[in-house]
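The following exercises are intended for a reader who meets this structure for the first time. Please attempt each task with the structure in view before turning to its solution.

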Amino acid sequence: PAIPGYKVKKKDEANVAIQNVLTHLKFDVKERGMVVTFGGDLCAVSGIGSSAAQVVSLARGLGLATSLPLSDDEINAAGYEGEKGYHGTPSGIDNTASTFGGLLKFQRTDGDPIFTKKKIINPIRIVYASTGITASTIQVVADVRALKEANPEWFDGLMGRYLKILEQGETAVDTGDMELLGKMMDENHVLCQELTITCKESEDLVLAARQAGALGAKMTGTGRGGLVIALTPTVEIQNKVESALKNLAPQVW
């Protein structure tokens, strides 16, 4: 499944991503007489990590189908190479999440990334809503890089604020403080606005979610389209937020 137009718009990037994985694993499907078919129930939409799910599942599937002994780390590395087809310079977080699953704290470094699995004390109820817009990750990343290069002091200040949000957000997850987590989501969304990666559609969804009772809401993924995520403390509020977003969004989960 996919939102309308997603697979068409992403087709060229997908072809590069798939070939990147095959090249990294030194695997020639034609030589082996194999046909690769992707399936599943994850809706392909900007912001959900579907590109990472695709390339990681490709690497894992090739390993299982051919008895190629790939460790999770090797699958993750192949997924990272695949993500370059979609993102140009990926952070590595999406392929890592797709490979290992669960809730992760992820830190990019000059060497191998650092990630730790987090334990959830209480259920974290969320609602996802799609803007219906498929953005080019490569273009958005390039635009943000240009902002950083044009004003490095401003960007460093923004990153300093982000790290404080991250620290408090992690504390909120560790202690089960959903009100604090929602507040940090809202503050993170402000940073996304300053980075110019939000859009009217995502702003409308964020506002509607908050007005319907969400503790926090923000854009997620590349931005300039894609998805909005809302934090809902109870099943009742989750249903209320879902109903409110269905009045605006083409898809809500």
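The exercises below concern a predicted model, and each is followed by a worked solution.

**Exercise 1. Salt bridges within helices**

Task: Determine where in the chain the partners Lys 10 and Glu 13 lie, and state whether each of Lys 10 and Glu 13 is buried or exposed. Then treat Lys 200 and Asp 204 likewise.

Solution.

Step 1. The closest N and O atoms of Lys 10 and Glu 13 are 3.5 Å apart. A salt bridge requires them to be within 4 Å, so the pair qualifies.

Step 2. Both residues belong to helix α1 (residues 6-24), where a spacing of three residues amounts to about one helical turn. An α-helix has 3.6 residues a turn, so residues three or four places apart point the same way.

Step 3. Lys 10 has a relative accessible area of 6% and is buried. Glu 13, with 14%, is also buried.

Step 4. In the salt bridge between Lys 200 and Asp 204, the closest N and O atoms are 2.7 Å apart. Helix α9 (residues 200-211) holds both residues, and they are four residues apart, about one turn of the helix.

Step 5. Lys 200 is exposed, at 60% relative accessibility, whereas Asp 204 is partly exposed, at 33%.

**Exercise 2. A salt bridge between distant parts of the chain**

Task: Identify the elements that hold Lys 105 and Glu 170, and name the network of salt bridges to which they belong.

Solution.

Step 1. Lys 105 and Glu 170 form a salt bridge in which the closest N and O atoms are 3.1 Å apart.

Step 2. Lys 105 is in strand β1 (residues 103-107) and Glu 170 in helix α7 (residues 152-175), so the pair links distant parts of the chain, 65 residues apart.

Step 3. Lys 105 is partly exposed, with a relative accessibility of 31%.

Step 4. The network consists of Lys 105, Lys 118, Glu 170 and Asp 174. The count for the structure comes to 11 salt bridges.

**Exercise 3. Helix α4 and its surroundings**

Task: Compare the span of helix α4 with the expected value, and state what covers its buried residues.

Solution.

Step 1. Helix α4 (residues 72-87) has 16 residues, and its first and last C-alpha atoms are 22 Å apart, close to the 22 Å expected.

Step 2. Among the buried residues of α4 are Ile 75, Ala 78, Gly 82 and Tyr 86.

Step 3. The cover over these buried residues includes helices α1, α3 (50-66), α5 (93-100) and α6 (137-150).

Step 4. After α4 comes Gly 88, which has a positive phi near 80°.

**Exercise 4. An aromatic pair**

Task: Classify the arrangement of the rings of Phe 100 and Phe 115.

Solution.

Step 1. The structure contains two aromatic pairs. In the pair of Phe 100 and Phe 115, the ring centres are 4.8 Å apart and the planes stand at 40°, so the arrangement is tilted.

Step 2. Phe 100 lies in helix α5 and Phe 115 in strand β2 (residues 114-118), so the pair ties together parts that are 15 residues apart in sequence.

Step 3. Phe 100 is partly exposed at 22% relative accessibility, and Phe 115 is partly exposed at 27%.

**Exercise 5. Strand β5 and its partners**

Task: Establish how many residues of strand β5 are buried, and describe how β5 pairs with strand β3 and with strand β4.

Solution.

Step 1. Six of the six residues of strand β5 (residues 227-232) are buried, so the strand is largely enclosed by the rest of the structure.

Step 2. In a regular strand the side chains alternate between the two faces of the sheet. In β5, Leu 227, Ile 229 and Leu 231 are buried on one side, and Val 228, Ala 230 and Thr 232 on the other, so that both faces are covered.

Step 3. Strand β3 (residues 125-130) runs antiparallel to β5 and is joined to it by six bridges. Tyr 128 has Ile 229 as its bridge partner in β5.

Step 4. Strand β4 (residues 216-220) pairs with β5 over five bridges, also in the antiparallel sense. Here Lys 218 stands opposite Ile 229.

Step 5. β4 and β5 form a hairpin with six residues between them, and Gly 221 in the turn has a positive phi of about 85°.

Methods. Residues numbered from 1 in each chain as written. Predicted model: local features only at pLDDT ≥ 70, side-chain atom pairs only at ≥ 80, totals over all residues. Heavy atoms only, no water. Salt bridge = Lys/Arg side-chain N within 4 Å of Asp/Glu carboxyl O. Helix = DSSP H or I, 4+ residues; strand = E, 2+ residues; numbered from the N terminus. Buried < 20%, exposed > 50% of the residue type's maximum accessible area, 1.4 Å probe, protein only. Expected span 1.5 Å × (residues − 1). Contact = heavy atoms within 4.5 Å. Phe/Tyr/Trp six-rings, centres within 6.5 Å; stacked < 30°, edge-to-face > 60°. Pairing = 2+ DSSP bridges.
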